[in-house]
Amino acid sequence: MAKAYVEPAVHTLRPDYRALLVLAEGLVPGPSDDVSDRLLAAATAKARQRLGDGGVDGDLHVAAWREAFRSFGAKPKRTRSSVEALLRRLDDGLPRIDRLTDTYNAVSIADAVPVGGEDIDHYEGPLRLVRATGEESFDTVDKGEPAVDHPNPGEVVWRDDAGVTCRRWNWRQCVRTRLTGTTTRAVFVLDALAPMDDDAVHAAGAALAEALRTTSPDVRLTSRLLAHVAT
């Protein structure tokens, strides 16, 4: 995590962007359970209260992510940020996936911040956020079968030495580094744009840490904020 970075071209696009990385070791993976279900239920109630009558369209952080997607050519109504995709499923009820994914999804909807989780034991080289050339590989699934896709040139992607780990900032994760039933070490990425300030980002990180300790009592956590430094 110490070598993770954000490419200057991304900060040229959005100088207000920050990423809070939370490294978690000693996680307890497994299927969704009563603990993760309670976390999601409480977060759902908090999200509904915060959104109020304005709904998802009235959330300023969601709106900022739509503009960020447009800035590199994505159509936010077709490829929504991860947090907007989750918030739009509140009325139908969020799916229970597994206890680790449920935990970070709970923080995402409660604080209206995109959150992703990656198995660091499947990484090759440092994690970094870059603007793609279009030649990078992205391991995915197409019609139920393993497939390799490629980002669009200029697309904002997270990647390592082997290829893209998440397309369109926080839209879709690859298969290779996703959390599984055997994941015990992971890095969680919290993505923030103005109007979410540093205090709010760190508060969301603290909420994630508390939630992870609830599902994995012996977890060991470290964090690092990646932010633009004006020159």
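Which residues form one aromatic cluster with Trp169? They are Tyr17, Trp65, Phe69 and Phe72. Keep in mind that this is a predicted model.

**The aromatic side of things**

Searching the whole structure turns up seven aromatic pairs. Take Phe72 and Trp169: their ring centres sit 6.1 Å apart with the planes at 50°, so this pair counts as tilted. Phe72 is in the loop between H3 and H4, while Trp169 is in the loop between strand E8 (164-167) and E9, so the pair ties together parts that are 97 residues apart in sequence. Both Phe72 and Trp169 are buried.

**Two nonpolar cores**

Trp169 turns up again in the largest nonpolar core, which has 25 residues. Tyr17, Leu21, Leu127, Leu129, Trp158 and Trp169 are the ones with the most contacts inside this core. Strand E2 (18-25), helix H3 (60-71), strand E7 (156-159) and E10 each put in at least two residues, and H3 gives the most, with four. For a closer look, pick Leu129: leaving aside neighbours within four places in sequence, its contacts include Tyr5, Val6, Val10, Tyr17, Trp158 and Trp169. There is also a second, separate core of 21 residues, with Leu27, Tyr104, Leu179 and Met196 among them.

**Helices H5 and H6**

Tyr104 from that second core is also one of the buried residues of H5. How many of the 13 residues of H5 are buried? The count is 12, so H5 is mostly covered, given that buried means under 20% relative accessible area. The buried set includes Arg99, Asp102 and Asn105 as well as Leu100, Val107 and Ile109. They pack against helix H2 (34-51), helix H4 (82-87), strand E3 (115-119), strand E9 (172-173), strand E10 (185-192) and helix H6 (198-215). Just past the end of H5 comes Ala112, with a positive phi near 50°.

H6 shows its own pattern. Its buried residues are Val201, Ala204, Gly205, Leu208, Ala209, Ala211, Leu212 and Thr215. These cover an arc of only 165° around the axis, which puts them on the same side of H6. On the face turned away from that buried side you'll find the exposed residues Asp199 and Glu210. The cover over the buried residues of H6 includes E2, H2, H5, E10 and strand E11 (220-227).

Here are the two helices by length and span:

| Helix | Residues | Expected span | C-alpha end to end |
|---|---|---|---|
| H5 | 13 residues | 18 Å | 19 Å |
| H6 | 18 residues | 26 Å | 26 Å |

Each has an aspartate cap at its N-terminal end. For H5 the cap is Asp98, with a side-chain oxygen 3.1 Å from the backbone nitrogen of Leu100. For H6 it is Asp197, where a side-chain oxygen lies 3.3 Å from the backbone nitrogen of Asp199.

**A buried arginine**

Is Arg18 buried or exposed? Arg18, which lies in strand E2, has a relative accessible area of 9%, so this residue is buried. The side chain of Arg18 makes a polar contact of 3.0 Å with the side chain of Asp198. Not counting residues up to four places away in sequence, Arg18 also touches Asp197 and Val201, along with others including Leu190, Met196 and Leu225. Of these, Asp197 is the residue that caps H6, and Val201 is on the list of buried residues in H6.

Notes: Residues are numbered from 1 along each chain as its sequence is written. This is a predicted model: local features need pLDDT of at least 70, side-chain atom pairs count only at pLDDT 80 or more; totals for chains, interfaces and linings use all residues. Side-chain values use heavy atoms; hydrogens and water are left out. The expected span of a helix is 1.5 Å times one less than its number of residues. Buried means under 20% relative accessible area, exposed over 50%, partly exposed in between (1.4 Å probe, protein chains only). Contact means heavy atoms within 4.5 Å. A polar contact is a pair of N or O atoms within 3.5 Å; within protein, one must be able to donate a hydrogen and the other to accept it, and residues adjacent in sequence count only if both atoms are side-chain atoms. A nonpolar core is a set of buried Ala, Val, Leu, Ile, Met, Phe, Trp, Tyr and Cys residues joined through side-chain atoms within 4.5 Å. The arc is that of the directions from the helix axis to the C-beta atoms. Rings of Phe, Tyr and Trp (its six-membered ring) pair if their centres lie within 6.5 Å; planes under 30 degrees apart count as stacked, over 60 as edge-to-face and the rest as tilted.
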